[in-house]
Amino acid sequence: MDNLISKPLIALLVALFLVSSSLATTDVPFIVAHKKATLNRLKSGAERVSVSIDIYNQGTSTAYDVSLVDDRWPKDIFDVIGGNTSQSWERLDAGGILSHNFELDSKVKGMFYGSPAVITFRIPTKAALQEAFSTPIMPLDVLADRPPEKKFEWAKRLLAKYGSLISVVTILVLFVYLVASPSKSSGAKANKKRR
């Protein structure tokens, strides 16, 4: 009888050991990075590129010695005028976020296709540094000839797109208001009858 109970118990213990060992291997950081670049036209005609990189740890443990490098901006096209293209942090806790910003001044007109930033980090259970990449940026049309947007151009576009709908809704609202609200003359007649 003891032999029948001990075999299922041993099988259960082995299964629990396998499940716990598989769960222990999933206790690692999972780094996700989002890179965004926006063009800012200055009144002088120059254009600046503002770059922001957000690094998220979606994993269940802390990443250590986190390092960001985004140095693939050609020096003959861009000058770094604010911040650095690289940054280091001691740690990034599970569920945490790190942000880094820098600004570039553009020198050459044309399309620029950026590459992802590289993030390296250390996991205590592994000797080698781990590597992650940010999302790439959309192509930048640096110093492009853009026609100036006229004032109220957005209002004209909205009116052209939704003008008929706005007029129909306005007519319906006015009709419901006229039908639902009592007229002053009928209200005055009702007051005279009560006297």
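This report describes the overall make-up, one sheet and one surface patch of a predicted model.

**Overall make-up**

The protein chain contains three helices and ten strands. In sequence order these elements follow the pattern α-β-β-β-β-β-β-β-β-β-β-α-α. Chain-wide values are collected below.

| Property of the protein chain | Value |
|---|---|
| Residues counted as buried | 25% of 195 residues |
| Contacts joining residues at least 24 apart, among those between residues at least 6 apart in sequence | 69% |
| Exposed area | about 14,200 Å² |
| Share of the exposed area from carbon and sulfur atoms | 63% |

**The four-stranded sheet**

Strands of a sheet pair through backbone hydrogen bonds, in either a parallel or an antiparallel manner. In this model, an open sheet of four strands has the order β1-β2-β6-β4, with antiparallel pairing. Strands β1 (31-41) and β4 (78-82) occupy the edges; each has a single partner strand, so one side of each lacks a neighbour in the sheet. From one strand to the next, the twist averages 30 degrees.

The partner of β1 is strand β2 (residues 47-57), and eleven bridges join these antiparallel strands. Within this pairing, Arg-41 is positioned opposite Glu-47 of β2.

**A nonpolar surface patch**

Phe-152, Trp-154, Leu-158, Tyr-162, Leu-165, Ile-166, Val-169 and Val-173 make up a nonpolar patch on the surface, and their accessible area together is about 820 Å². One of these residues, Ile-166, belongs to helix α2, which spans residues 153-180. Ile-166 is classed as partly exposed because its relative accessibility is 48%, and the exposed class begins over 50%.

Methods. Residues numbered from 1 in each chain as written. Predicted model: local features only at pLDDT ≥ 70, side-chain atom pairs only at ≥ 80, totals over all residues. Heavy atoms only, no water. Patch = residues over 30% accessible without salt bridge, like charges linked within 9 Å, V, L, I, M, F, W, Y side chains within 5 Å. Areas by Shrake-Rupley, 256 points an atom, 1.4 Å probe, with all protein chains shown as cover. Salt bridge = Lys/Arg side-chain N within 4 Å of Asp/Glu carboxyl O. Helix = DSSP H or I, 4+ residues; strand = E, 2+ residues; numbered from the N terminus. Buried < 20%, exposed > 50% of the residue type's maximum accessible area, 1.4 Å probe, protein only. Contact = heavy atoms within 4.5 Å. Pairing = 2+ DSSP bridges. Axes fitted to C-alpha atoms, helices over the stretch in contact; angles between N-to-C directions.
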